[in-house]
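Dear colleague,

I am handing over the structure we spoke about, which you will find just below. After it come my notes on what was found, and I would be glad if you read them with the model open beside you.

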Amino acid sequence: MRIQTLRKVLAVTVAATMLAMPLTVGATDSAESSSAQTTANVEEVKTTSQVVAPGGTVIKNELPGAFQIQASAPITGMAVRVAPATIKQQAGLAANETPFVSAYTIDRKKSAAVYASFDAAAATVGGTTLGGINVDLGKLTGGKFTELPEGVSIPFSMGIKNYNPALTYYVVKVLPGGATEMIPVTVENGVISFEITGGLAGYGLIAK
């Protein structure tokens, strides 16, 4: 989905100097340092992303959200692999609260700080950073977005463009402020799966 379309359904600004949010009305991939509330009409927001694995298997995204993948990114699709009802139960959400995610690829030139963290993690395993995404996992209450706590964890998958079965793939998680963590992944048929957590984080794709 192009940014112009996303602007019609979502306005987002995140307080994170190291992370970019290209879904903001009037924003680019440059880092945002101010903070504001997210507003969205959940009835207008569409589930837009999926992962098509080699061979044609489709992994559908199950969570309402907004997604943007740059054409140059090493990722072919993104998908949350658990139903909203399951997330609501895990997070203890009320009946009028709806889980919501925004996920988008980030550019090295425009998000240099987070890529420095990705590269540092890649160096620890002798690998190379292929690219990265930002994910903001939260909830909508009457159209107002708030982040879920980091303790909420849900399965997430990405398709790997130009997948090479001879390589080993990793994902590093980077939080606002720079804390990093290599997280467990599984890779099957060109799809890498891992757990995302509540709130905002960057996830870097590494190959060795």
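A good place to begin is Tyr115, which is buried in this predicted model, because its relative accessible area is 5% and the cut-off for buried is under 20%. Phe118 is buried as well, with a relative accessible area of 0%. Both residues belong to helix α3, which covers residues 112-124, and they sit three residues apart, about one turn of the helix. Their rings form an edge-to-face aromatic pair, with 5.3 Å from centre to centre and 70 degrees between the planes.

That pair is one of five aromatic pairs that the structure holds. Another is made by Phe100 and Phe145, again edge-to-face, with the centres 6.3 Å apart and 80 degrees between the planes. This pair links distant parts of the chain, since Phe100 lies in strand β9 and Phe145 in strand β11 (residues 144-147), 45 residues apart. Phe100 is buried at a relative accessible area of 2%, and Phe145, at 10% relative accessibility, also counts as buried. Elsewhere, ring pairs join Phe156, Phe194 and Tyr203 into a cluster.

Strand β9 itself, which spans residues 97-106, deserves a look, as it is mostly covered, with nine of its 10 residues buried. On one hand, β9 runs parallel to strand β7 (residues 65-68), to which four bridges join it, and within this pairing Gln68 of the chain stands opposite Tyr104 in β9. On the other hand, β9 runs antiparallel to strand β10 (residues 128-141), and 10 bridges connect the two; here Val101 has Leu137 in β10 as its bridge partner.

There is also an open sheet of four strands, in the order β8-β12-β16-β15, and its pairing is antiparallel. The edges are taken by β8 (75-80) and β15 (186-188), each of which has a single partner strand, so that one side of each is left without a neighbour in the sheet. From one strand to the next, the twist averages 25 degrees. For β8 and strand β12 (residues 153-160), which run antiparallel, five bridges make the connection, and Met78 finds its bridge partner in Met158 of β12.

If you would like to follow these notes on screen, the ring pairs and the strand pairings can be taken in the order given here.

With best wishes

Note on methods. Residues numbered from 1 in each chain as written. Predicted model: local features only at pLDDT ≥ 70, side-chain atom pairs only at ≥ 80, totals over all residues. Heavy atoms only, no water. Pairing = 2+ DSSP bridges. Axes fitted to C-alpha atoms, helices over the stretch in contact; angles between N-to-C directions. Buried < 20%, exposed > 50% of the residue type's maximum accessible area, 1.4 Å probe, protein only. Phe/Tyr/Trp six-rings, centres within 6.5 Å; stacked < 30°, edge-to-face > 60°.
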